[in-house]
Structures are given as C-alpha cells and as structure tokens.
Amino acid sequence: MLATRIIPCLDVDFGKVVKGIKFKDLDNVGDPVEMAKVYNEQGADELTFLDIGASYKSRKILIEVVEKVSEKVFIPLTVGGGLRSSEDMRNALTSGADKVAICTSAIENPSLITEGAEIFGSQCIVLSIDAKRHNGSWYAYTHGGRNNSGIDAITWAKEGENLGAGEILLNSIDKDGTKEGYDLELTRKISESVNIPVIASGGAGNPQQMVEAIKCGKADAVLLASLLHYGEYTIKDIKEYLKNKEICVR
Amino acid sequence: MIAIIDYGAGNLRSVKKAFDHLERKTMIAIKAADLKKADRIVLPGVGAFGSAIKKLQETGFYEATQAWISEDRPFLGICLGMQMLFEESLETKDTKGFGAFKGKCPRFKKGKVPQMGWNQINITRESPLLKGIPNKSFFYFLHGYYVEVENKDIVTATTDYFITYTSMIEKGNVFGVQFHPEKSGEMGLKMLRNWVEIC
C-alpha cells in the first residue's frame, strides 16, 4: 500500500534554515545539511528545500547545500524558491534535486510549468500554491505571501495540473506557523479537484492535526517545519502516532 | 565499469551519486560508442516513453542496448528504463520498446496519477537482487504507467496500488525495477550493491 509521506521542509536563507510565522518574523534554526541528515535518519520520506533569500547569491548557496545533501541522503529532494526559467530548474536538478517547486514564476508565466514538464517530465514539476482566504474563497499569492494575484487557488490548482504539474504543494498563509492545524477545507477542496498528489502545508502543531489533514483534508503528504525544527516531535513519534490511527506510513 | 546511459532527458545525478556512495566506478555514457568501456549498463528513465525511445534511437543507444540485452549482459532498467524493455506503452502508441520481453504498459486507472511515494514490494520469488531485503520493504515509486507482463516467470516482485502490478523483473543478467532504488534510502542502496555483486 502507498504510504502517506511525511516531508520536512527547510526554509533556507543564505545557507541557514529559518522559520517564521505567517511568512514573517524569521528565526534562525540551524544548518540545512546537518538537519537533512538528522531527518533522514528519523525516517523522512522526502525533503523540501525552499530558498527564501530571493536573491541570486542565496539561491546559489542553496544549490550547494542540495548538492552536499544529495551525496549523503538517498531520498527524494525538492528545491524551490526563485526558480524563474527552465535553466534555473536544470541547475537545481543537476545539483541533485529530484523535483523543483515553482510558485510566483508559475503565476507570472504559466507556460513555465509546461516547458518544465516537457523537458524534465511532469513528475519533476511541483506547483507550489500559497493560498490565503478572503470572504470564503482562497486566492493564490506571490512573492512569499506578499501579493494577491487575484487568481482563485482552486482554479489555479486545476489549471496547473492541465499545464503539466505532477504534484501540488499547498501552503496556507493563514495557518503558516500558527500550530492551529492545517486548513482542512482548502486542502480537501484542492485534493478533490485534481488527480495529482497534494502536499498539505502550514499550521501543523501536533500529529492529530496531520491525521485530520490526511483523513479529512485528503492530503497525500504532509509538510512539516517548526514542529520538527524545535524538536517538539521527531518524525518517528509522528509516524508511530499515524500508524496507530491506521494510516499507512513507511 | 558501470555505464549510466544519458539520452538527455533525465536526472542521472542521483543514480551516479548512489554508486559513488557505494564506491563503484561509473561513467555517464552519452553515445553508443561509450558502452565499449562498460561491463554493465544502467538505464534510468524519466519522462515520456515515446520521447525517451526517440532520443535513444537518435543517439544510437537503442540498437546498442537491444544487442546488449540479447547477449544477456548485465543490465538494470529503472522505472521507465524497465518499461522500455517491453514491446510498447499506451503512453505513446506506435513507438516500439526494446521488445526484450512480451508485454505492454497501461496507465493506472484508479488513484492519483502518477503514483508518487513509498510503497511495498511483495516478493514472488527468490532473486539475487533481493538478498537481505525483507518482503514488504518500502521503495520509492514515481510513475503513471506500469508493466503488464505476459510471461509471469520473469516477475520477482509485485506492488499494490489499487491493482497488483509487476514491480520487479529479471531474466538472466537483465533486471528491471519499477521503483527508484537510488532514492529508496538504505534498502535501495542495498539493492544496488546486490546488483553490482551478482553478475
């Protein structure tokens, strides 16, 4: 049976892992290579690295980080943050990433999804959607949650699938770093609207909320950050909990 | 020397890095002539069946690989690299695979496609590739099509994803795995080590 994936996410700024609340108030939490090794040993199913430095230099450092990680850690690695062209994608993939995540650049230039899928295969292209709620609908945001694109998040997810995305990384801006639990309604709506895997992200505070994201939100995977970074839970603890709730984990 | 075939589509770095980690010498083969230096071949596969076959034909790898397999020389096909051993895929009609084995590749009809993530293997018979690997071990899968094998004698493991399908095959020195051993942690590395040590 296919296992639900537990994916630690490392937000990296100039080579350091940071974590904020609602995409703001960043806190420095550690070295990405060391953290990747620890999470791998704990049983992480994949690792996601997002460059939030949003500059050429910061991205270059992240690529070096991924290169180092990929020599020691043999699980799938996703890289995102500031990738604007198929050439940027190629750099990330040749450095050792298996998938690339695109957010702002996909909204600004949707054909980038198709171009990436045609060159590297759909399985490589993760459409990252930063969604925020307004009056009962969710909108896709760009630039690290700063700008509302005005595009409906559910419509965008479906369009992304049609354009060739192989997976959706769904981040709730409202829930990010709050530990209040995932946005279940949003996750379920997106997951039921597309036929590609959906990773729920934003708001994890305890394993029960992950159970809800998987069972009620229909998420295929859950992304975790602060919960793991601050050592409140290990991946092993979480998997044990999920197993007791009859969720298949590795 | 292990040759990793590069037909310009996939991310081969992860396969190479896994063998580097096992301290095995590899070379990235970019043209058919490079295979002369090799005593074993890995064919990793990503992307679509049709475009992969087309690129293999353009680079001369198609015929070279077909000959290699027919001589029963050590070969490992990963993911699409396993599917291409068969006759055809419904992903791209009118494109012939290597045809080393009888069968075709239909698309999953249920569940999210592609299947993405860790799934278990059900070992159906003994294999040197599976030495030290327990039944129901998890490996990393990433595929929308699977192989429908005609001759079940070549099947060594199956996997369940709404249906039960073939996830490992072997005949002589030719092996195929639907999952990505290079991305399957310790068990995957163990399998690659087994492959290097058997034939």
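These legends go with several close-up views of a predicted model.

**View 1. Chain A as a whole.** Start with the overall picture: chain A is built from ten helices and twelve strands. Its C-alpha trace spans about 45 × 40 × 40 Å along the principal axes. The radius of gyration is 16 Å, and for 250 residues a compact globule would come out near 18 Å, so the two agree. As for burial, 55% of the 250 residues of chain A count as buried. Contacts reach a long way along the sequence too: taking those in chain A with a separation of 6 or more, 65% are between residues 24 or more positions apart.

**View 2. Helices α1 and α2 of chain A, packed together.** Here we look at α1(A), residues 32–42, against α2(A), residues 56–72. Two packed helices are described by the angle between their axes and the distance between the axes. For this pair the angle is about 30° and the axes are 9 Å apart. Angles under 35 degrees count as roughly parallel, and α1(A) and α2(A) are therefore roughly parallel to each other. Their crossing is right-handed. On the α1(A) side, Pro32(A), Val33(A), Ala36(A) and Lys37(A) make the contact, and α2(A) answers with Val65(A), Lys68(A), Val69(A) and Lys72(A). Sort these residues by class and you get five nonpolar, three charged and no polar ones.

**View 3. Where chain A meets chain B.** Now zoom in on the interface, where 23 residues of chain A are in contact with 26 residues of chain B. On the chain A side, α2 and α3 (86–94) each supply at least two of the touching residues. That side of chain A is a mix, with nine nonpolar, seven polar and seven charged residues.

**View 4. His143(A), a loop residue with positive phi.** This close-up sits in the loop of chain A that runs between β8 (137–142) and β9 (147–152), the place of His143(A). Phi of His143(A) is near 50°, which is positive even though the residue is not a glycine. His143(A) has 14 other C-beta atoms within 10 Å, so it is partly exposed.

**View 5. Lys179(A), another non-glycine residue with positive phi.** Move along to the loop between β10 (167–172) and α7 (184–193) of chain A, and there is Lys179(A). Its phi is near 65°, again a positive value in a residue other than glycine. Is Lys179(A) buried, exposed or something in between? With 14 other C-beta atoms within 10 Å, Lys179(A) is partly exposed.

**View 6. A cis peptide bond in chain B.** The bond to look for joins Val113(B) and Pro114(B), and it is cis, with omega about 5°. Pro114(B) belongs to the loop between β6 (103–105) and β7 (115–120) of chain B.

**View 7. Gly111(B) and its partners from further along the chain.** We stay in the loop between β6 and β7 of chain B, which also holds Gly111(B). Which residues does Gly111(B) touch once its neighbours within four places in sequence are set aside? They are Tyr161(B) and Phe162(B). Gly111(B) and Phe162(B) are 51 residues apart in sequence, yet their C-alpha atoms are 7.0 Å apart in space. Gly111(B) counts as partly exposed, because it has 14 C-beta neighbours inside 10 Å.

Key. Residues are numbered from 1 along each chain as its sequence is written. Chains are lettered from A and ligands numbered from 1 in the order in which they are written. This is a predicted model: local features need pLDDT of at least 70, side-chain atom pairs count only at pLDDT 80 or more; totals for chains, interfaces and linings use all residues. Axes are lines fitted to C-alpha atoms, for helices over the stretch in contact, and angles run from 0 to 180 degrees between N-to-C directions. Helices (H or I, at least four residues) and strands (E, at least two) are DSSP runs, numbered from the N terminus. Angles under 35 degrees count as roughly parallel, over 145 as roughly antiparallel, 65 to 115 as roughly perpendicular and the rest as oblique. A crossing is left-handed if the near helix is turned anticlockwise from the far one by less than a right angle, and right-handed if clockwise. Two residues are in contact if their C-beta atoms, placed from the backbone, lie within 7 Å. Ala, Val, Leu, Ile, Met, Phe, Trp, Tyr, Cys and Pro count as nonpolar, Asp, Glu, Lys and Arg as charged, and the others, Gly among them, as polar. A residue is buried if 20 or more other C-beta atoms lie within 10 Å of its own, exposed if 12 or fewer, and partly exposed in between; C-beta atoms are placed from the backbone. The radius of gyration is taken over C-alpha atoms; the globule rule is 2.2 Å times the number of residues to the power 0.38.
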